[in-house]
Amino acid sequence: MQGNFSYYNPTKLYFGDESLNYLKEELMNFGPVVMLNYGSGSVKRNGIYDQVVAILREAGKTIVENPGVMSNPTLEKLHEGVKIARENDVDLILSLGGGSVCDYSKGVAASAGYDGDYWNQFWLQQQNPAQEQKILPIGCILTMAGTGSEMNGGSVITDAEHKLKVGRVFDNRLMPKFSILNPKFTMTVPDNQMKAGIYDIMNHIMEQYFSDTDDNTSDYLSEGLMRGLIVASRKAVENPQDYEARSNIMWTATWALNTLIGLGKHQDWMVHMIGHSVGAWTHAPHGYALAAVSMAYYRRAMQPGLQKFVRFAKNVWNIDGGGMTDEQIAQAGLDALKAWMMEIGLPLTISELGATKDMLPGITAGTICYPAGYLDLKPEDITEILAESM
Ligand code: NZQ
Ligand code: ZN
């Protein structure tokens, strides 16, 4: 393991079907005004909202509601939330929903105390808030597994007007102070979103795994997480009410992107860069956009990263490899990945997500390119990958 790193993760987790019981105790650590961010209504339909509001009332909190945080939250909605947080002198932002609501809450928490153009400063310029800037604390009650937002500083916001989806990773101050992970809450997630979440998790691991050539403990952790996810995904697709499978998926999601398995690694993230731009143009669920461009991307990365792809085939997909060349083994690993994606019902083309040929220049222009993983892609390569993904 060759990299240098420090590791600190300040998010306190509560996991399991009784985890909401700890909310009241956590609320005692914060002031009286709680901004409650949630999405388009699923938490009202499945009863989680009522449970949370009852606890907030018992704890004597003043609730400032901010509903309607959409999937792939927009800059326009961020402006609304910042205004609400400022006007109500909020003490805590409570995020009730999936990664979108959690990402959005971080956006509000960072921006409410910033006097300038926060979109430009924090997303386009990728700056962190100054040390003296006030940052609102966040708590997260997660209802969907996938992004890892519950234990990281990531915040992805879409400027819908300019079709620009920009992710950034804030420093530790923007990580949730606590996150409550009840796998039962994920049982009502629609089938397509559950599958999108599963692939998002898989791809987070792959984005970190497919880089470097040294022997790194992080890669062994990644292989274990991928193996577990494949088992749990099959069970959850067959029976979405399988608590054990859903809880394993939820826990894997957190560890896939709470920075642990990226330690000492250069990492890749180009599938995410392309996927974000596809998402900005098609509004596809995040994990679907990733799935649809993955095969074309990894086919290119295979040769320059051959030994890691061989390892992926053997250690994740149990390819025996006897009598095969390295290329054949690596290819068999990619074939196994594709077969699993088809088995669980993921899209393999961007056309399925509504992308058309005339969008390709725009999607390419919206893709942030940099040397990453085993490749150094230029815009013309992105266009080719997109064309191969049609
Ligand atoms: O709007 P609501 O009612 O909340 O419905 C949501 C939404 O329609 C629904 N849902 C969530 N929990 C549910 C439920 N429906 C029924 N029952 C439940 N228990 O599912 C839909 C999708 O939710 P969303 O939060 O959008 O999904 P996800 O968790 O996949 O978050 C996606 C966003 O996170 C960003 C993505 O780009 C995207 O904007 N990402 C954040 C990352 C991070 N913070 O590190 C990394 C990721 O790579 C990703 O980019
Ligand atoms: Zn992702």
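**View 1. Strand β5 is covered on both faces, with I138, C140 and L142 buried on one side and G139 and I141 buried on the other.** This is a predicted model, where local features need pLDDT of at least 70 and side-chain atom pairs count only at pLDDT 80 or more, while totals for chains, interfaces and linings use all residues. Residues are numbered from 1 along each chain as its sequence is written, chains are lettered from A and ligands numbered from 1 in the order in which they are written, and side-chain values use heavy atoms, with hydrogens and water left out. β5 spans residues 138–142, and 5 of its 5 residues are buried (under 20% relative accessible area; exposed is over 50%, partly exposed in between, with a 1.4 Å probe and protein chains only). Strands here are DSSP E runs of at least two residues, and helices are H or I runs of at least four, numbered from the N terminus. On one flank, β4 (residues 92–97) runs parallel to β5 and is joined to it by 5 bridges. On the other pairing, 4 bridges tie β5 to β8 (residues 178–181), again in parallel. I141 turns up in both: its bridge partner is L96 in the β4–β5 pairing and I180 in β8. Further along β4, L94 has G139 of β5 as its bridge partner.

**View 2. Zooming out, β5 belongs to an open sheet of 6 strands, paired in parallel and ordered β1-β8-β5-β4-β2-β3.** Strands count as paired when DSSP finds at least two bridges between them. β1 (12–15) and β3 (62–66) stand at the edges, each with a single partner strand, so one side of each has no neighbour in the sheet. On average, neighbouring strands are turned by 20° against each other, direction ignored (axes are lines fitted to C-alpha atoms, for helices over the stretch in contact, and angles run from 0 to 180 degrees between N-to-C directions). Towards the β3 edge, 5 bridges link β2 (residues 33–38) to β3 in parallel, and N37 has N66 of β3 as its bridge partner. Helix α5 (residues 99–111) packs on the sheet, where it touches β2, β3, β4 and β5, and its direction makes about 165° with that of β4. Helix α9 (residues 243–256) also packs on the sheet, touching β1, β5 and β8, with its direction at about 170° to that of β1.

**View 3. S95 sits in strand β4.** With 0% relative accessibility, S95 counts as buried. The rest of β4 follows suit: 6 of its 6 residues are buried. Leaving out residues up to four places away in sequence, S95 touches N37, V101, C102, S105, G139, C140 and I141 (contact means heavy atoms within 4.5 Å). β4 is also joined to β2 by 5 bridges, and the two run parallel. Next door to S95, L96 of β4 stands opposite Y38.

**View 4. Helices α10 (residues 270–282) and α15 (residues 379–388) cross at roughly 70°, with their axes coming within 12 Å.** The two are therefore roughly perpendicular (65 to 115 degrees; under 35 is roughly parallel, over 145 roughly antiparallel, the rest oblique). The crossing is right-handed, meaning that the near helix is turned clockwise from the far one by less than a right angle (anticlockwise is left-handed). M270, I274 and V278 of α10 meet I382, I385 and L386 of α15. By class, that contact has 6 nonpolar, no polar and no charged residues (nonpolar: Ala, Val, Leu, Ile, Met, Phe, Trp, Tyr, Cys, Pro; charged: Asp, Glu, Lys, Arg; polar: the others, Gly among them).

**View 5. W269 is a non-glycine residue with a positive phi, about 75°.** W269 lies in the loop between α9 and α10. Its relative accessible area is 17%, so W269 is buried.

**View 6. Q126 has a positive phi too, about 60°, and is not a glycine either.** Look for Q126 in the loop between α6 (118–124) and β5. At 39% relative accessibility, Q126 counts as partly exposed.

**View 7. K357 is in the loop between α13 (326–344) and α14 (360–365).** K357 counts as exposed, at 66% relative accessibility. The C-alpha atoms of K357 and M390 are separated by 8.0 Å, with the two residues 33 apart along the chain.
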